[in-house]
Amino acid sequence: MINAKPAPSDFIRSMIAEDLKANKNDGRVHTRFPPEPNGYLHIGHAKSICLNFGIAAENKGGLCNLRFDDTNPSKEDVEYVESIKADIQWLGYDWGDRLYYASDYFEQLYEYALQLINYGKAYVCDLSLQEIREYRGTLTEPGRESPYRNRSVGENADLFKRMRDGEFPDGSRVLRAKIDMASPNLNMRDPVIYRILHTSHHRTGDTWCIYPMYDFTHGLSDSIEGITHSICTLEFEDHRPLYDWFLDELKVFHPQQIEFARLNLSYTIMSKRSLLELVELGFVSGWDDPRMPTIIGLRRRGFTPESIREFCNRIGVAKKDSTVDVALLEHSLREDLNKRAPRVMAVLRPLRVVIDNYPEGKTEQLEAINNPEDPAMGTRKIPFSRVLYIERDDFRENPPHKFFRLTPGREVRLRYAYFITCVGAVKDEKTGEITEVHCTYDPQTKGGDSPDGRKVKSTLHWVSAEHSVNAEVRLYDHLFTRENPANSKEGHDFKSFLNPNSLEILESCHVEPSIANAAPGEHFQFERLGYFTVDNVDSKKRGIVFNRSVTLRDKWVKIEKAQKTEVKTAKEEKKLERHGAITLERKKDDARPAEEIGIDYFSKIDLRVAVIKEASHIEGSDKLIRVMADLGEGHLRQIFAGIRSAYPDPSKLVGKKVIVVANLKPRKMKFGVSEGMILSGGQEGNLSVTTFDGNPLPGDEVS
RNA sequence: UGGGGGAUCGUUUAGUGGCAAGACGACAGGUUCUGGCCCUGUUAACCGAGGUUCGAAUCCUCGUCCCCCAGCCA
């Protein structure tokens, strides 16, 4: 049973509860999920699915239909119909025998249209597309009535029948509702309800060459199916008067339309159009690319239906536009997989470890717990031998502060195996890269505990070199670098924020032998790394492939990051102060003196490498230089820098690599908008910008 | 400048005239054979200005800001 947890409460559910109390609709609750089969379902649709099917499930006798809104054959396809059905089922919902298509109602819809004509409430209009637009008026001016508005009922009926019979070409005529061309609601200015489209429909074939529009179709389909609550997204709010108008004029059963805010997720996009673009332009491998917010993409990535449903439960339903933090989605997955995923050991970036005092050729089978969260999942055996692999990240020749892992002279635990002590490291003389680490083990610590109560500061995962299985692992990160790529304030195209590091493929990973034959879709926790799922597309072809579904929360990366920014800020703080460039605003109640500004503020400063493409003096300013800088964003930024005194010939700056504070609020100046700040320092008289000699790329983060 | 909607911790959602609550995040600590899980604590909000009231996030007035609408798309 879905929704075992207490049902969430929201304004829609309260509304339905009120209706039930008033015995509206004879106590029936009947919803529907009405996708248009013109694309794949995404997490935003999941919200709607969970809402509609959820409400039906929560109410006694409640039902939810699946109805395809297939009124535009030029965009729709059976491929999408099938994928949508599969996705809903995978999410765990069941429409029973109530699978419908708006196209099932075409004949009845046609009759309704004829009825409207007979009531004098609809007319055939011969205006062109362009003319209809002109006659509609604007947001502030009323529209004008079509010269065809007052055709007789007989003529309208005749013309409409002939439209159906295919006598007229596409675009030559439409059927319009006769409402009010002066209505402040544009939707009520004689909306089109039928258009001519000589296009084959994926279900009705060539039976029809006229197709009904959404507004006409949707409400009447709801009515035909006896839907009590027709739940849709906010943008249809101003369509509600029209929804109501059709039902009232035709005097048929009148469902209630209720609108809620669609889901937006940080670091991704949700519009079908944009998603399609990513697929068609090849920025992703397909609708099922594990970085896509599509249901099929999330599924391939390793999300479970339970985690998605739980997520939908948590985000709530309201009318406020919102962007949910993707961290909440990730949290829901971790929470689910923590309970269910078996733990295994896998080494992604292998470093060879030789246990010098372990007998050559010997193998031991050590017992490991499958899931500490669920003892019922039992134990398994894993092979141990003299040569092992550990994670490269788990060894440091010169350990930073708070690094607890393996380092020369230090003893650590190999999970479920032995304590080992590092006695040496082999380096590639040319590159300086560590190629092998030598250790000794303490036979007394077999199983991972020391009889003398000795403690170690960390436990490492490992695999036996000889027994491990090679695997490919794909690491994913957010598809976009911006929280809200779709609506950038600067008006950039969402594609300019694609994250170049959203996919990293690791080909020489080693996993423990127990999962050599894991089935596609199986979930595991790779201890200390994250949750991984066997890829269901590429695994068969080329050996086993794992997708990283989500990382484990990781305190060490936070410590490491904090250490880096500490160094960075200590250096940069001075420069910024000297330049007098940044005044950090303190909160009202913040009692700290200004000189004790917290490190948090500085960790938010985004320093980027930029190449200066143009530099020129500005007429009317003896201090500023105007610079166009490339930060690798696909466009140049205009920056005004107060460095003219140091650069009488600004062209010297062209081609120089400099550091730019990239995340400052664009500042309007007399000469234009300044989109950043160039780091510079020095005393009066020897001021200069900070430049680079190495080979950093534009947009590289400076730390 | 017309119409329709919306503003509560960083994010999200409760609270509808009587103690501003939870979740995620962030931060700090405890525990630990996963720097995971778990536990504890800290941080942090009613868009603004008036008014009504013993008492306002909630009711009233006037503002401000944000979203949607000018497809023969849905």
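This note covers the cysteines, the cavities and the nonpolar cores of the structure.

1. **Status of the model.** The model is predicted. The points below should be read with that in view.

2. **Disulfides.** How many disulfides does the structure hold? The count is zero. Two cysteine pairs deserve a look on screen.

3. **Cys50 and Cys312.** For Cys50, the closest cysteine sulfur belongs to Cys312. The two sulfur atoms are 3.7 Å apart, which is too far for a bond. A disulfide would need the sulfurs within 2.5 Å, so this pair does not count. Cys50 is also buried, at a relative accessible area of 10%.

4. **Cys422 and Cys439.** Here the sulfur-to-sulfur distance is 4.9 Å, and Cys439 holds the closest cysteine sulfur to that of Cys422. Again the gap is too far for a bond. Is Cys422 buried or exposed? Its relative accessibility is 3%, so Cys422 counts as buried.

5. **Cavities.** Rolling a probe the size of a water molecule over the atoms shows where empty space is left. Four cavities reach 30 Å³ or more. The largest cavity has a volume of about 220 Å³.

6. **Lining of the largest cavity.** Which residues lie nearest the centre of the largest cavity? They are Arg291, Leu298, Arg301, Val326 and His478, out of a lining of 18 residues. By class, the lining comprises 10 nonpolar, four polar and four charged residues. Two helices, α10 (295-301) and α12 (326-340), each supply at least two lining residues. The most comes from α12, which gives three.

7. **Largest nonpolar core.** In soluble globular proteins, nonpolar side chains tend to be buried together. The largest nonpolar core in this model has 38 residues. Ile43, Ile88, Ile308 and Phe311 have the most contacts inside it. Two or more residues of this core come from each of α2 (43-58), β2 (63-68), α3 (78-91), α10, α11 (305-315) and α12. Which element gives the most to this core? That is α2, with six residues.

8. **Phe311.** Leaving aside residues up to four places away in sequence, Phe311 touches Ile43, Leu263, Leu265, Val324, Leu328, Leu329 and Ser332. Ile43 is itself one of the residues with the most contacts inside the largest core.

9. **Another core.** Apart from the largest core lies another, of 35 residues. Tyr110, Ala157, Met163 and Phe168 are among them.

10. **Shared elements.** Both α10 and α12 appear twice in this note. Each supplies at least two residues to the lining of the largest cavity, and each gives two or more to the largest nonpolar core.

Notes: Residues numbered from 1 in each chain as written. Chains lettered and ligands numbered in written order. Predicted model: local features only at pLDDT ≥ 70, side-chain atom pairs only at ≥ 80, totals over all residues. Heavy atoms only, no water. Buried < 20%, exposed > 50% of the residue type's maximum accessible area, 1.4 Å probe, protein only. 1 Å grid on protein atoms, 1.4 Å probe; cavity = no way out; pocket = protein on both sides within 12 Å on 5 of 7 lines; lining within 4 Å. Points joined across faces, edges and corners; volume = space filled by probe spheres on them. Helix = DSSP H or I, 4+ residues; strand = E, 2+ residues; numbered from the N terminus. Nonpolar A, V, L, I, M, F, W, Y, C, P; charged D, E, K, R; others polar. Core = buried A, V, L, I, M, F, W, Y, C linked by side-chain atoms within 4.5 Å. Contact = heavy atoms within 4.5 Å.
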